[in-house]
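This report describes a structural model, going from strand pairing to contacts with nucleic acid and then to confidence. The sequence and coordinates come first.

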Amino acid sequence: MRLPRPGANATVGGSVMSDLPADISHDQHAVRRQKLAELRAVGIDPFRANFAPTHFSGDAVKAYVDGQENTVPVAVAGRLVVIRDMGKSQFVKILDQQGQIQLYVKKDVVGDEAYAIFKKLDLGDIVGAKGTLFKTKTGEVTVRVDSYTLVSKALRPLPEKWHGLSDPEQVYRQRYLDVIVNSESRERLLLRSRIVSQVRRFLEDRKFIEVETPVLESTAGGAAARPFVTRHNALGVDFFLRIATELRLKRMLVGGFDRVFEVGRIFRNEGVSRRHNPEFTMLEVYQAYSDYRGMMALIQEMLTSLVRDVIRPADGSLKIKHAASGQDIDFGGTWREVRYKDLIKEATGDAGWFERPKAEKISRAEALGLSINPSWEEFEITNEVFSKKIEPTLIQPTFVTHLPKELCPLAKLNPDDPSVLDVFELTIGGMEVAPAYSEQNDPDTQREMFERQAGEEKQNIDQDFLLALEHGMPPAGGMGVGIDRLCILLTGAESIRDVILFPQLRPGAPAPEAGKS
RNA sequence: GGGUCGAUAGCUCAAUGGUAGAGCAGCGUCCUUUUAAGUCGUUGGUUGAGGGUUCGAAUCCCUCUCGACCCA
């Protein structure tokens, strides 16, 4: 600790800091403000102090050399999360980006004054320590502290050390506390960063180029979803927040960016649930001169690499525990490929399903326990069967192919059976993880599809996209991967909120005013 | 939007109509290799907000806020 020079206003020996007034001893915020004032009174400003760590905690532990006690110097910094005070020495633990490391602070090493101030530090304070590595008698690599610096004072107490923070509302609103005290949350959210990083590396290794396209769009296309609307004041127009990146990325295929991808935030003005957040992250990938079969190989390789290199199952397999079903999801081997129609026939037990009139489809769907809106089109009734009765049962990685043409207006029709599409929908763990298409690049067919979908609302058609297609888009495979859902799957999370740092919540009660208790 | 459940000390939780408690944290002691450290003592509450019933409400009723789960 940077002690004041001799002659400054520090008390020498004994208690450097005065005892606290008894009447505030119950109020941890007030106590900490009092301590801050007393630190400043002896010439220490913990918000100005600087400290340069040489190691993160994990790297410091690795730097320990067996048998070399107190010879390897390190400087580490982090938040105090454990304090074990033994009178004239203390074991404490600090938390940084890599985790925790133990520090051993002895009075006769750091000196009486510095030790007296150290004893006044609180859980939650951020400290830097310089010292050397040793192993305790229980075998824990620990920093024997020669000197320390209070880097930042924490004026609020941490949640309870053993149970952590469990109030879900506080976990989401004050995620910074959750990741300090709940190591599972920390690990899960760090894993998400590694997953995204590996996705980028995987694609870049295959010569894909990452691009950034607009969030503000005058036409919200590329998917069927209700958009958020916002206002641009200077231009005097409304914009939509994008609901997909598809149409922008395909323009770049026209422009000769043959392999492009975007990891983009998508906004859909719809409900919030365990599987839905109004803003979420989607990877979209487009590869010229490929098709949906090419995308199949790409996604299988990508997910396999994520399991193998990021998740790294302990037994060396490519299996991940699926929290909801208790099954192991096996990413190894050949993935199942099955036609949409065959799944429908199987689930309904009706080989003639697709030939039946609408009324019979409705009654048979209702017999399966589904509630059907009579105004739905037949393909919508069928798809309700798929999403409610089939999708949740597809736990192992499954490519569902040959979807009905009504389901995606941006895909190519199957040349042998134009009632279905050259697409797949990859389903894992009962969730749709990645749809992929042979992309429609015929501008006239695309226009027809758009017009049929738009109905009366022709103004919603992205005419500029159609113009781009008329300039010629190479045949291409494309796919979208819901990154949040992928993270749910790979990290064994129960809710999308567990893999999003700050999930959307209603505005809550205002936080206590700074300085107030 | 509907249904169910929940909100009590900084945190994790008790208390089912009759004096709001515990553990951790805090505060004050003891302890120079601890591992949820141990030890002795101790402070701390507008029971989410508002209204009602009652001699008496954390507890029962109503409204609201926020959240979780399920459904749409």
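In the hairpin formed by β8 and β9, four residues lie between the strands, and Gly236 among the residues of this hairpin has a positive phi near 70 degrees. The model is a predicted one. The two strands of the hairpin run antiparallel, and four bridges join β8 to β9, which spans residues 237-241. Along this pairing, Val229 has Phe240 of β9 as its bridge partner. Thr230 stands opposite Phe239 in β9, and Arg231 faces Asp238 in that strand.

β9 also pairs with β7, in the antiparallel sense and over two bridges. Here Glu217 stands opposite Phe240 of β9. Phe240 is thus a residue that β9 presents to Glu217 and to Val229. Together these strands make an open sheet of three, in the order β7-β9-β8, with antiparallel pairing. The edges of the sheet are β7 (216-217) and β8 (229-232); each has a single partner strand, so one side of each is left without a neighbour in the sheet.

Another open sheet contains eight strands, ordered β6-β10-β11-β18-β17-β16-β15-β14, and its pairing is mixed. Its edges are β6 and β14 (336-339), each with a single partner strand, so one side of each has no neighbour in the sheet. Within this order, strand β17 (residues 431-438) and strand β18 (residues 476-482) run antiparallel and are joined by three bridges. In that pair, Ser438 stands opposite Gly477 of β18.

The structure holds 32 salt bridges. One of them is formed by Arg206 and Glu301, whose closest N and O atoms are 3.0 Å apart. Arg206 lies in the loop between α7 (183-205) and β6 (209-210), while Glu301 belongs to helix α9 (residues 292-311), so the pair ties together parts that are 95 residues apart in sequence.

The next topic is RNA strand B. Around this strand there are 47 residues, of which Arg84, Lys137, Thr138, Glu169 and Arg497 come nearest. By residue class, the surface near RNA strand B divides into 16 nonpolar, 12 polar and 19 charged residues. Several elements each supply at least two residues of this surface: α1 (28-41), β1 (73-85), β2 (89-96), β3 (99-106) and α5 (168-173). The largest share, five residues, comes from α5.

Which part of RNA strand B supplies the atoms within 4 Å of the protein? Sugar or phosphate accounts for 63% of these atoms, and bases account for the rest. Backbone N or O atoms of the protein take part in contacts with the strand, including those in the table.

| Residue (backbone N or O atom) | Atom of RNA strand B | Distance |
|---|---|---|
| Glu160 | sugar or linking oxygen | 3.0 Å |
| Ser166 | phosphate oxygen | 3.0 Å |
| Arg506 | phosphate oxygen | 2.6 Å |

Thus Ser166 places a backbone N or O atom 3.0 Å from a phosphate oxygen, and Arg506 places one 2.6 Å from a phosphate oxygen. For Glu160, the partner is a sugar or linking oxygen.

Confidence values complete the description. Chain A has an average pLDDT of 92, and 94% of the residues score at least 70. Over residues 1-16, pLDDT stays under 50, and for this stretch the model has 29 contacts beyond four places in sequence. For the complex, the predictor gives an ipTM of 0.94 and a pTM of 0.93.

Note on methods:
Residues are numbered from 1 along each chain as its sequence is written. Chains are lettered from A and ligands numbered from 1 in the order in which they are written. This is a predicted model: local features need pLDDT of at least 70, side-chain atom pairs count only at pLDDT 80 or more; totals for chains, interfaces and linings use all residues. Side-chain values use heavy atoms; hydrogens and water are left out. Two strands pair if DSSP finds at least two bridges between them. A residue is near a molecule or strand if one of its heavy atoms lies within 4 Å of it. A polar contact is a pair of N or O atoms within 3.5 Å; within protein, one must be able to donate a hydrogen and the other to accept it, and residues adjacent in sequence count only if both atoms are side-chain atoms. Ala, Val, Leu, Ile, Met, Phe, Trp, Tyr, Cys and Pro count as nonpolar, Asp, Glu, Lys and Arg as charged, and the others, Gly among them, as polar. pLDDT is the predictor's confidence in each residue, from 0 to 100. Contact means heavy atoms within 4.5 Å. A salt bridge is a side-chain nitrogen of Lys or Arg within 4 Å of a carboxyl oxygen of Asp or Glu.
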